[in-house]
Amino acid sequence: MYNQPLLAGTLLDERYRIEAVLGEGGFGVTYAAENVRLGMKVAVKELFWRGHSSRDAAVSPEVVLEAKDRAVFEEQKARFLREARAIRDFSNLPGVVHILDYFEANATAYIVMEYVQGETLASHLASRGRIPAEEVFRRFLPLIETLGRIHAGGVIHRDISPDNIMVQPDGSLKLIDFGAVRFFSGAEEGKYTAIAKDSYAPGEQYDKNGRQGPWTDVYALCATIYTCVAGVAPLSAVQRLFLDELQSPSQLGVEIAAPYEAVIM
């Protein structure tokens, strides 16, 4: 078997036709697709556990797992769909991608989202360079307010970084890729897959038993804002735990009002 994404032209749920792969991660593949019934472009996230899931796309779109992995994968799938339902409740709010649909097929699960026009914040920063702090906070405010409401609903994103924020043509920001979201309260608290993106993940995300919550997203969000303002990514949390040599934006020569810098740091 091969670890292959779905082929272009594959039809999901009799309405979503796959066009191309947009991105791949440890737990999923995101595709550009079209809702052929509505003639609307969408993004589709497929639960695909890299290193454990396999597929020969030329033969069948079905995901295949070894017997030893099936129970864990079924738990992942149930959580994936449950958390998609939770995020969909916030889809009418600004600053986050809208969840349109979710379903099971091909022995796995899918989340259908709006297709966000624009470029990633990472690409935007690479071409433009750092952004004045006042502009950064103004542009981030709708996203921050919505994230607060998502946290109030008991859900955390866990993967905030410049790669997962889109800059739309009008300059507004939208948080995308909710494939790593988790509930942080209740019986599942503390039971997390270790997932960490260097420079943006706090220390608890390097430990599957680390206590995660809204503070986890706040660290990643502020690390992202730091990158926008300072023009460089912060040191990794692991390095900072041993020797914290993180310089503030003003120490790097950035002109920034003290209240803005205090919030970031």
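Q: Which residue stands opposite Ile165 in β10?
A: When two strands pair, you can look straight across from one to the other and ask who faces whom. In this predicted model, Ile165 stands opposite Leu175 in β10.

Q: How many bridges join β9 to β10, and in what sense do the two strands run, parallel or antiparallel?
A: Count the bridges, then follow the chain direction along each strand. Strand β9 (residues 165–167) and β10 are joined by 3 bridges and run antiparallel.

Q: In what order do the strands of that open sheet come?
A: Read the sheet from one side to the other, not along the sequence. Here 3 strands lie in the order β7-β9-β10, with antiparallel pairing.

Q: Why is one side of β7 and of β10 left without a neighbour in the sheet?
A: Look at where they stand. β7 (119–120) and β10 (173–175) are at the edges and each has a single partner strand, so one side of each has no neighbour in the sheet.

Q: Which strands of the sheet does α3 touch?
A: Now look for a helix lying against the strands. α3 packs on this sheet, where it touches β9 and β10, and its direction makes about 30° with that of β10.

Q: At what angle do the axes of α3 and α4 cross?
A: Picture a line through each helix. The axes of α3 (residues 133–152) and α4 (residues 214–230) cross at roughly 165° and come within 11 Å of each other. An angle over 145 degrees counts as roughly antiparallel, and therefore that is how α3 and α4 lie to each other. As for handedness, α3 passes α4 in a right-handed crossing.

Q: Which residues make the contact between α3 and α4?
A: Take one helix at a time. From α3, the residues include Phe137, Phe140, Leu143, Ile144 and Leu147. From α4, they include Pro214, Leu221, Ile225 and Val229. Sorted by class, this contact has 12 nonpolar, 2 polar and 1 charged residues.

Q: How many residues lie between β1 and β2 in their hairpin?
A: For a hairpin, check the turn as well as the strands. There are 3 residues between β1 and β2, and Asp13 in the turn has a positive phi of about 55°. Strands β1 (residues 11–12) and β2 (residues 16–24) pair in the antiparallel sense over 2 bridges, with Leu12 opposite Tyr16 in β2.

Q: Over how many bridges do β2 and β3 pair?
A: Carry on along the chain. β2 pairs with β3 (residues 28–35) over 7 bridges, in the antiparallel sense. A hairpin of 3 residues joins β2 to β3, and Gly23 stands opposite Thr30 in β3.

Key:
Residues numbered from 1 in each chain as written. Predicted model: local features only at pLDDT ≥ 70, side-chain atom pairs only at ≥ 80, totals over all residues. Heavy atoms only, no water. Axes fitted to C-alpha atoms, helices over the stretch in contact; angles between N-to-C directions. Helix = DSSP H or I, 4+ residues; strand = E, 2+ residues; numbered from the N terminus. Parallel < 35°, antiparallel > 145°, perpendicular 65-115°, else oblique. Left-handed = near helix turned anticlockwise from the far one by under 90°. Contact = heavy atoms within 4.5 Å. Nonpolar A, V, L, I, M, F, W, Y, C, P; charged D, E, K, R; others polar. Pairing = 2+ DSSP bridges.
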